[in-house]
Amino acid sequence: MNFLLLVIVNSAPLFFESGYLIYFADSGVFVLKDSVKIKKESTELYADSLVYFRERKLMKAFGNAVLIFGSDTLVGDSIYYYTESRNGFAFSGKFREERGIFRGNILNKDSTDTIYVAGGTFTTCEHETPHYRFRTFQSKIILKDMAIVKPVLLEVHDLPVIMLPFWMFPLSKERKSGFLVPRFGMNSSDGKYIRNLSYYFVINHYSDLTLALDMFEKRGLRGSLDFEFYRYRFGRINASYSLAQEWSPLWRKRWTLSGNAELGPFYGFRITGVGQYYSDNEILNDYSDIKENWLKREISSYLGFSRSFGRLVISGGVDDRLDLSNNFRTSRVPYFQIGLPQLRVKDFGVSSNLSFLRQYFKRGIVDTVRWGTRFNASTGYSLRMFQYIRFNFSINGSLGLIDYDTAGKPLPLVKNFNGSASFGTVLYGRTIFGINNAYLTHTLQPSVNLSFQPKLSNPVTDYYFTSPGPQRFLSMGISFVNNFGVMLKERNIDFISVGFSSYTNLLDTLQKSKFNTWNISASSLGQLPISIRLNAVFYFDSLKIKNPTVNLSYRLTLPMPRVNFEDSLARNTFSIYVNYSLSKYYFVSQTLSFNGNFNLGKSFRINFGGSYDFSRKEIISKTLSISKDLHCWEASFSYSGFGTRWDYNFRVWIKKLPDVKVEKSIFDLFLP
């Protein structure tokens, strides 16, 4: 028989439930046995048996004792818990928190929900005999905040690995100020290094700041500041600054300043911006961790805005571009555009806009400033006849005003006017006879395009913004797109597409023959396992093919014999993707690239890749990565090389605590 008893303690009800109950009235002691359950507010206590001392507000639970408070759980052979002060003790117990499990000889919980562990261990491994654990003499666990342990010894399969005098790690999901984990390693350009010796500072709910220091054996020191601000309906701002003091090869200071912003809307205005400024053209190449930035030869900055007034759109801003190869700078300070409301009646539409541009050029020591304004208008009409025949007509015009023409005359007026008309259709066909209801199919899409511009009287200008374009032309373009495939049970599947196109100026009297140059292209469609792309130029008068380009790609996935891993029932596969590219223009370029992976079960993965240049007879890039899921741990090895540069790392980390890791590259600091 189950007994249920309600006791009022400090105006909060205390519920007792058990299969057997004894009450000693003279001493105010309750003895409960058989599936005991105690509940007070959000705290619950379960045990095989329990003694409650009413006067002392003390519970002593024995046998499979479990104390639940909020989302956390305290388990022990026996638990003492004071209902008034909310202090508790667990003997030979464990405490389960969201990040992992603490075990100890004695676990003490105080009223502030802080846990003290004596002679304990911590692990995130769910196995009864964990794969690893942190052994410590003392631990202080501040719930929803952090854990502090001292000293701490990492054991893997009971084998001591590393010992530290103390360690702290966060338990809160909220942002917290504190030191971040640094990175150690070595590469060809920096030598041995320590990166990200940093402190993360939470300023308020909307912003934070990170201070960091990097140390490089071959370069010197580099400090950085990173600021981030984000607030809903206001926007986001990021800003970064770094200062490097290098001692090799020259004693010099180098800096970077960058940032981006997305603000608004403010009264309908949205503002976006990106800024990148460097002390010299090579600093991005020297300090970047991203391989693609090693070849980056242009930096850009801009600040723009946009605002809609019904169907009227206004946009503009300023921007700056610097070509790192030749130190050429181009700045638009400012530019803006007004998009006027579009007029549309069925298939007929008219659109227009007004724009202004002031541009600054710097080529070496020569500075140039130009400006101009332009009005553009365009109209188009589409017509479909008999469902398969399409006609399109368009007319474009512009009127521009610039600062001066090539003769130095101020404020010249520049006009432009052109139009086009196109015709296209689609023709379908299939073989008369088929095999097992399978037919070969051919789809032909011919099109003809006419473009014209009348002779216009314009001043000679060298500013592209209001350039009138070529004078008086009438051109025709012809194209044929052929898709070949097969029809299976009324379903058409295309495999190969072949295209021919040519262009000629009908007013060019010096041209010997019309449509002499034809562009030829062929490509496989997605249904084939191999991808083929061919392009070339055919000259009809000489019957020669020039400027060929070939691109072949092949992807293969094969099952592999099962490997006796822990998850050996999973399928093992091998995949590889190979790409060959050949082009002949002024010079010959021929490369072979590949990447692939081995999936050995669910937990073991190998990725590899590389590229080879046949013309230079050298390997351009190479990559290799190996990763293994070790239940509660994960391990990976990676290597990448690009030209003469290379980098590698070997890392083992706890999946639930990714900042707790051991990197192979840390040993490079102690190797010659």
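**Exercise 1. Determine whether E246 and R254 are buried or exposed, and state how they interact.**

Solution. Both E246 and R254 are buried; buried means under 20% relative accessible area, exposed over 50%, and partly exposed in between (1.4 Å probe, protein chains only). Next, consider the contact: E246 and R254 form a salt bridge whose closest N and O atoms are 2.9 Å apart. A salt bridge is a side-chain nitrogen of Lys or Arg within 4 Å of a carboxyl oxygen of Asp or Glu. Finally, E246 and R254 belong to a network of salt bridges that also links R252 and D280.

The structure is a predicted model, in which local features need pLDDT of at least 70 and side-chain atom pairs count only at pLDDT 80 or more, while totals for chains, interfaces and linings use all residues. Residues are numbered from 1 along each chain as its sequence is written, and side-chain values use heavy atoms, with hydrogens and water left out.

**Exercise 2. State how many salt bridges the whole structure contains, and explain which parts the pair R135 and E155 ties together.**

Solution. A search of the whole structure gives 13 salt bridges. In one of them, the side chains of R135 and E155 meet at 3.1 Å, N to O. R135 lies in strand β11 (residues 132-142) and E155 in strand β12 (residues 146-156), so the pair ties together parts 20 residues apart in sequence. Helices (H or I, at least four residues) and strands (E, at least two) are DSSP runs, numbered from the N terminus. As to accessibility, R135 is partly exposed at 32%, whereas E155 is buried at 8%.

**Exercise 3. Describe the salt bridge between D613 and R616, and classify each residue by accessibility.**

Solution. The closest N and O atoms of D613 and R616 are 3.4 Å apart. D613 has 9% relative accessibility and counts as buried; R616, at 52%, counts as exposed.

**Exercise 4. Find the number of disulfides, and explain why C125 forms no bond with C632.**

Solution. The search of the whole structure finds 0 disulfides, a disulfide being a pair of cysteine sulfur atoms within 2.5 Å. The cysteine sulfur closest to that of C125 is in C632, and the separation of 3.8 Å is too far for a bond. Conversely, the nearest cysteine sulfur to C632 is that of C125. C125 is buried, with a relative accessible area of 1%, and C632 is buried at 6%.

**Exercise 5. Trace the pairing of strands β4, β5 and β6, and identify the turn residues with positive phi.**

Solution. Two strands pair if DSSP finds at least two bridges between them.

- Strand β4 (residues 29-40) runs antiparallel to β5 (residues 43-53), and 10 bridges join them. K37 has Y46 of β5 as its bridge partner.
- This hairpin of β4 and β5 has 2 residues between the strands, and E41 takes a positive phi near 55°.
- β5 and β6 (residues 58-69) are joined by 9 bridges and run antiparallel. The bridge partner of S49 in β6 is F62.
- The hairpin of β5 and β6 has 4 residues between the strands, and K57 in the turn has a positive phi of about 55°.

**Exercise 6. Identify which strand supplies the largest share of the nonpolar patch.**

Solution. The largest share, 3 residues, comes from β28. β26 (343-345) and β28 (366-385) each supply at least two residues. Y381 is located in strand β28, and Y381 is partly exposed at 36% relative accessible area.
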